[in-house]
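Let's take a walk through this structure together, one helix at a time. Keep the 3D view open and turn it as you read.

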Amino acid sequence: MNPIELVLLDLDGTLLDTIPDLANAANHMRADLGLPPLPLALLATFVGKGMQVLVRRAMTGEAALDGALPDGFEQALARFQHHYRALNGAETRIYPGVIAGLDAMQAQGLRLAVVTNKPQAYTPPLLARMGLSGYFPIVICGDTCARKKPDAEPLLHACQLAGAVPAATVMIGDSINDTQAARAAGCAALAVSYGYNEGMDVQTLDVDGIVDTLLEAAGWIARRNQH
């Protein structure tokens with residue numbers, strides 16, 4: 001096995017609990033459309049495949065993505081973006097163990113990058129607001145490449161920018177989008193136990209390990225690199 005040199009980290013559900021802000025923006029959007037609010041727990045299961053999928057699910061109240069886009073989708077997307085721009089980071093919190101984990105990874109000499117499906121317009125401002133920008137010289141957003149996770153393209157782009165091969169890279173995320181992208185790219189895959197995963201059990205994911213914190217993930221990488 002190649003030693004790990006590069007760590008790719010998902011944002012929503014891995015580094016940050018962004019559900020309160022996303023849910024509030026979604027319910028403001030629903031109010032603009034004359035619809036009643038949805039429970040935060042339900043909206044949490046709609047996160048993971050990017051903003052357009054979240055808006056589509058929040059409009060219908062259903063996770064399914066069958067058929068044509070709902071009527072008024074573009075208007076709804078614009079209203080969501082308006083509200084989320086104002087709320088981005090307001091109630092977001094850093095998960096326990098994230099700072100300690102990132103510090104431990106840097107202490108090992110690992111390079112760090114964010115690979116998220118969140119659009120460019122919201123990602124760097126959020127990282128800055130949460131005080132995390134300095135950890136990540138590379139940030140790949142949902143609209144950086146032609147395709148987003150679960151496609152391999154954003155992960156491969158991050159590897160290219162970092163000068164690392166996929167076999168020396170690990171993707172750490174909370175959902176099937178992260179693990180499928182890692183497998184497609186030829187990277188190792190870790191899942192955190194505390195994220196969203198579209199309401200599915202993290203135990204069902206095809207991963208090399210499940211960790212409770214990023215500090216535990218740093219330990220996993222250190223042990224692998226000692227072999």
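Start with asparagine 177, which counts as buried because its relative accessibility is 1%, under the 20% cut-off. Bear in mind that this is a predicted model. You'll find asparagine 177 in helix α8, which covers residues 176–185. Leaving aside residues up to four places away in sequence, asparagine 177 touches Gly48, Lys49, Lys149, Pro150 and Glu198. With one of these, glutamate 198, there is a polar contact of 3.2 Å between the side chains. Now look across to proline 124: its C-alpha is 21 Å from that of asparagine 177, and 53 residues separate the two in sequence.

Next up is threonine 123, in helix α6 (residues 123–129). Is threonine 123 buried or exposed? Its relative accessible area is 0%, so threonine 123 is buried. Its side chain reaches two backbone oxygens: that of lysine 118 at 3.2 Å, and that of proline 119, which lies 3.0 Å from a polar atom of the threonine 123 side chain. Not counting residues up to four places away in sequence, threonine 123 touches Leu11, Thr116, Lys118, Val139 and Cys141.

Now for a pair of helices. Helix α3 (residues 51–60) and helix α4 (residues 73–87) pack with their axes 10 Å apart, at an angle of about 110°. That makes α3 and α4 roughly perpendicular to each other, because angles from 65 to 115 degrees count that way. On the α3 side, the contact is made by Met51, Gln52, Leu54, Val55, Arg56 and Met59; on the α4 side, by Phe73, Ala76, Leu77, Phe80, Gln81 and Tyr84.

Stay with α3 for a moment, since there's plenty tucked away here. This helix is mostly covered, with 8 of its 10 residues buried: Met51, Val53, Leu54, Val55, Arg56, Arg57, Ala58 and Met59. What covers them includes α4, along with α1 (19–32) and α2 (40–44). After α3 comes glycine 61, which has a positive phi, near 75°.

Helix α5 (98–107) is our next stop. Its buried residues are Val98, Gly101, Leu102 and Met105. They sit on the same side of α5, because they cover an arc of only 95° around the axis. The spacing helps to make sense of that: an α-helix has 3.6 residues a turn, so residues three or four places apart point the same way. Among the elements covering the buried residues of α5 are β1, β3 (93–94), β4 (111–115), β6 and α9. Here too a glycine follows: glycine 109 comes after α5, and its phi is positive, near 85°.

That brings us to α9, residues 214–226. How far apart should the ends of this helix be? At 1.5 Å a residue, its 13 residues should span 18 Å, and the end C-alpha atoms are indeed 18 Å apart. Buried in α9 are Leu214, Ala217, Ala218, Trp220, Ile221 and Arg224. Seen down the axis, these residues fall within an arc of 160°, so they line one face of the helix. Their cover includes α5, together with the strands β1 (6–9), β6 (169–173), β7 (188–192) and β8 (209–211). Finally, look at the start of α9, where a side-chain oxygen of threonine 213 comes to within 3.4 Å of the backbone nitrogen of leucine 215.

How values were computed: Residues are numbered from 1 along each chain as its sequence is written. This is a predicted model: local features need pLDDT of at least 70, side-chain atom pairs count only at pLDDT 80 or more; totals for chains, interfaces and linings use all residues. Side-chain values use heavy atoms; hydrogens and water are left out. Helices (H or I, at least four residues) and strands (E, at least two) are DSSP runs, numbered from the N terminus. The expected span of a helix is 1.5 Å times one less than its number of residues. Buried means under 20% relative accessible area, exposed over 50%, partly exposed in between (1.4 Å probe, protein chains only). The arc is that of the directions from the helix axis to the C-beta atoms. Contact means heavy atoms within 4.5 Å. A polar contact is a pair of N or O atoms within 3.5 Å; within protein, one must be able to donate a hydrogen and the other to accept it, and residues adjacent in sequence count only if both atoms are side-chain atoms. Axes are lines fitted to C-alpha atoms, for helices over the stretch in contact, and angles run from 0 to 180 degrees between N-to-C directions. Angles under 35 degrees count as roughly parallel, over 145 as roughly antiparallel, 65 to 115 as roughly perpendicular and the rest as oblique.
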